[in-house]
Amino acid sequence: MAGEKEIWQKIGEGFVQEYYNQFDNTNRMGLANLYSPEACLTWEGSPFQGREAIANKLVSLPFKRIKHIITEQDSQPTIDSCILIMVFGQLQVNQAVPLSLKVLTINVLRHVTYTCPMLL
């Protein structure tokens with residue numbers, strides 16, 4: 001059906017909404033539930049491996065208030081059943097002038113199957 005979103009787009013949009021809502025409005029320690037035990041995160045050049053290390057890093061960030069202003073997002077399936085998510089927008093920290101935001105994530109799906117049309 002024309003105009004209907006693909007499953008990976010719906011999953012990507014749902015993830016982005018949940019992740020940034022939790023990041024901006026709740027205790028960031030809750031974000032740990034969105035990471036797998038094997039997940040990795042690089043923050044300003046420093047790597048963090050595993051759910052607990054990532055959550056501890058996010059909780060330790062020095063700002064009091066943060067707001068992610070998402071203006072665009074794109075999701076793309078990968079050949080190994082993951083979803084590549086690109087997020088664009090602005091980041092406002094402690095009421096300062098918003099900064100440019102560009103985030104790239106790869107979400108590994110567990111127990112989910114979808115069909116990806118291949119272009120040849």
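**Exercise 1. The core**

Which residues of the largest nonpolar core touch the most other members?

*Solution.*
Step 1. Keep in mind that this is a predicted model.
Step 2. Take the largest nonpolar core, which holds 20 residues.
Step 3. Pick out the members that touch the most others: Tyr-19, Phe-23, Leu-31, Tyr-35, Ile-54, Leu-58 and Val-87.
Step 4. Look at where the core residues come from. Helix α1, helix α2 (51–59) and strand β4 each supply at least two. Helix α1 gives the most, with five residues.

**Exercise 2. The order of elements**

Find how many helices and strands the chain has, and state their order from the N terminus.

*Solution.*
Step 1. Count the elements: there are two helices and five strands.
Step 2. Walk along the chain from the N terminus. The elements run α-β-β-α-β-β-β.
Step 3. Add a view of the whole chain. Of its 120 residues, 29% count as buried. Among contacts with a separation of 6 or more, 46% join residues 24 or more positions apart.

**Exercise 3. The sheet**

Work out the strand order of the open three-stranded sheet, and explain why β3 and β5 each have a side without a neighbour.

*Solution.*
Step 1. Write down the order: β3-β4-β5, with antiparallel pairing.
Step 2. Find the edges. Strands β3 (66–77) and β5 (99–108) stand there, and each has a single partner strand, so one side of each lacks a neighbour in the sheet.
Step 3. Check the twist. Neighbouring strands of this sheet are turned by 20° against each other on average, with direction ignored.
Step 4. Place the helix. Helix α1 (residues 7–25) lies across β3, β4 and β5, and runs at about 160° to β3.

**Exercise 4. Pairs and hairpins**

Describe how β4 pairs with β3 and with β5, and find the residue with positive phi in each hairpin.

*Solution.*
Step 1. Start with β3 and β4. They pair in the antiparallel sense over 11 bridges. One such bridge joins Pro-77 to Ile-83 in β4.
Step 2. Look at the turn. The hairpin of β3 and β4 has four residues between the strands, and Ser-81 in the turn has a positive phi of about 65°.
Step 3. Move to β4 (residues 82–93) and β5. Their antiparallel pairing covers 10 bridges. In β5, Thr-105 is the bridge partner of Ile-85, and Ser-100 is the bridge partner of Gln-90.
Step 4. Look at the second hairpin. Here five residues lie between the strands, and Asn-94 takes a positive phi near 50°.

**Exercise 5. Positive phi in loops**

Is Glu-44 buried or exposed? Classify Asn-94 as well.

*Solution.*
Step 1. Locate Glu-44. This residue is in the loop between β1 and β2 (46–49). Its phi is positive, about 50°, although Glu-44 is not a glycine.
Step 2. Apply the cut-off: exposed means over 50% relative accessible area. Glu-44 has 76%, so Glu-44 is exposed.
Step 3. Locate Asn-94. This residue lies in the loop between β4 and β5. Asn-94, too, has a positive phi without being a glycine.
Step 4. Apply the cut-offs again: partly exposed lies between 20% and 50%. The relative accessible area of Asn-94 is 41%, so Asn-94 is partly exposed.

**Exercise 6. Two strand residues**

List the contacts of Asp-74 and of Val-87, leaving out residues up to four places away in sequence.

*Solution.*
Step 1. Place Asp-74 in strand β3. With 35% relative accessibility, Asp-74 counts as partly exposed.
Step 2. List the contacts of Asp-74: Leu-84, Ile-85, Met-86 and Phe-88.
Step 3. Compare positions along the chain and in space. Asp-74 and Leu-104 are 30 residues apart along the chain, and their C-alpha atoms are separated by 9.7 Å.
Step 4. Turn to Val-87. Val-87 touches Val-16, Tyr-20, Ile-70, Glu-72, Gln-73, Leu-101, Lys-102 and Val-103.
Step 5. Recall a rule for strands. In a regular strand, side chains alternate between the two faces of the sheet.

**Exercise 7. The pocket**

Which residues lie nearest the centre of the largest pocket? Which element gives the most to its lining?

*Solution.*
Step 1. Note the volume: about 1,100 Å³ of space lies in the largest pocket.
Step 2. Turn to the lining, which has 34 residues. Nearest the centre lie Phe-15, Tyr-19, Tyr-35, Leu-41 and Thr-105.
Step 3. Name the elements that give two or more residues: α1, β1 (40–43), β3, β4 and β5.
Step 4. Pick the top contributor. Strand β5 gives the most, with seven residues.

How values were computed
Residues numbered from 1 in each chain as written. Predicted model: local features only at pLDDT ≥ 70, side-chain atom pairs only at ≥ 80, totals over all residues. Heavy atoms only, no water. Pairing = 2+ DSSP bridges. Axes fitted to C-alpha atoms, helices over the stretch in contact; angles between N-to-C directions. Contact = heavy atoms within 4.5 Å. Core = buried A, V, L, I, M, F, W, Y, C linked by side-chain atoms within 4.5 Å. Buried < 20%, exposed > 50% of the residue type's maximum accessible area, 1.4 Å probe, protein only. 1 Å grid on protein atoms, 1.4 Å probe; cavity = no way out; pocket = protein on both sides within 12 Å on 5 of 7 lines; lining within 4 Å. Points joined across faces, edges and corners; volume = space filled by probe spheres on them.
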